[in-house]
Amino acid sequence: MSNLSIRMQQARKAAGLSLRSLADLVGLSHAAIKKYEDGMVYPSSDILLKIAKALKIRVDFFFRPIKVSLENVKFRKRQKLSKKAEEVIKFEVISQIERRLELENLYPSSPVIPFKLPDLPQKINSFEEIEAVAEKLRCYWKLGFAPIHDLADALESHGIRIFIVDSFEEDFDGLSTVINDQPIIVIGSRWPGDRQRFNLMHELSHYILSNRLSDLDEEQACNRFAGAFLFPKEEVFQSIGKERRSVEWQELLLIKEQFQLSLGAICYRLRNLEVIQESYYKNLMIRFRQKGWHRKEPGIAIPSEKAHAFKQMLFHALGEKYIGESKAAELLGCSLNQLKAIRQVKNPYATHQ
């Protein structure tokens, strides 16, 4: 099969269209579309434009040189996504990853630092050992124990490629995969920032822990790692104490603002570290749900995570003339005129004469 035929089939499945449905949109027979996808016939330029329009993609997608195959993709187990939803998400992920890798390959040398881990135990037998792994990773990356702002950028600076997709599926939290032995983490854009941050660390922990766990439940282990990394044990004890009979919601809201972690995750963390007893935790969660906070928490909204690395690399490459404006526009998925407008940074304080 040709590159174009593979791309066409990939885009059609992601759009949730059958051969016949796509053929009806384009005004052809389903047999003709099948011949294109089987690589038996090459479509004319005007037909290719119609197919791209029907699939709501840019024509250059069919000719993008780097093909990525997502293998061993780990969707969150509790996510109840349809096969169609998974295909749509995978298509968006593949599109973003391919543009990212193509851009990286246009640099004289790789602009990405290879992902590395410290020496970790081959087998992890307890949640206490997970706490130690999270602490060791923070120290290895020289992050200290203070709150980490701009978490996506912090992970990118250590060789983890982060992608944020516009998924309208309520059940999509994130996924993790590996490309060229390097971790890829994808999260949904629709969640609040605190949820996104937890999802980022949960997905990374799958990569770090999955082959090291003995008898521990992987989902619970990943949740424990995410909490330990985002809100280290020593910071918990310093902020709240080692043992509490009760806590105030306002107290927890201040912690939420500082560490950019949800109230629910903070309460869960206090229970894991036995700062509060199980019975008190259950009581807190009952009150939490009674107030409707499981749907929308009180307090300030934690800003959504942003993945800046791709655009930073793109404009760096444009400035150094590794790429021209046409290639930059293609990688950004915009027109040449739109790119030119983006490059003309305007002063918001300028007055019109």
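Begin by selecting Leu17, which sits in the loop joining helix 1 (3–14) to helix 2 (19–26). The model on display is a predicted one. With neighbours within four places in sequence set aside, the contacts of Leu17 are Arg12, Leu22, Leu25, Ala54 and Leu55. Add Ala54 to the selection: this residue is 37 residues from Leu17 along the chain, and their C-alpha atoms are separated by 9.9 Å.

Next, move to the loop between helix 6 (127–140) and helix 7 (151–156), where Lys142 is found. The backbone of Lys142 merits inspection, as its phi is positive, near 55°, in a residue other than glycine. Display the surface at this point: Lys142 is exposed, with a relative accessible area of 77%.

A second lysine with positive phi can then be selected. Lys321 occupies the loop between helix 14 and helix 15, and its phi is near 65°, again in a residue other than glycine. Lys321 counts as exposed at 70% relative accessibility.

From Lys321, continue along the chain into helix 15, which spans residues 325–332. Which residues of this helix are buried? They are Ala328, Ala329, Glu330, Leu331 and Leu332. To view their surroundings, show helix 5 (83–105), helix 14 (309–319) and helix 16 (336–343), against which the buried residues of helix 15 pack.

The tour ends at Gly333, the residue that follows helix 15. Its phi is also positive, near 75°.

Methods: Residues numbered from 1 in each chain as written. Predicted model: local features only at pLDDT ≥ 70, side-chain atom pairs only at ≥ 80, totals over all residues. Heavy atoms only, no water. Buried < 20%, exposed > 50% of the residue type's maximum accessible area, 1.4 Å probe, protein only. Helix = DSSP H or I, 4+ residues; strand = E, 2+ residues; numbered from the N terminus. Contact = heavy atoms within 4.5 Å.
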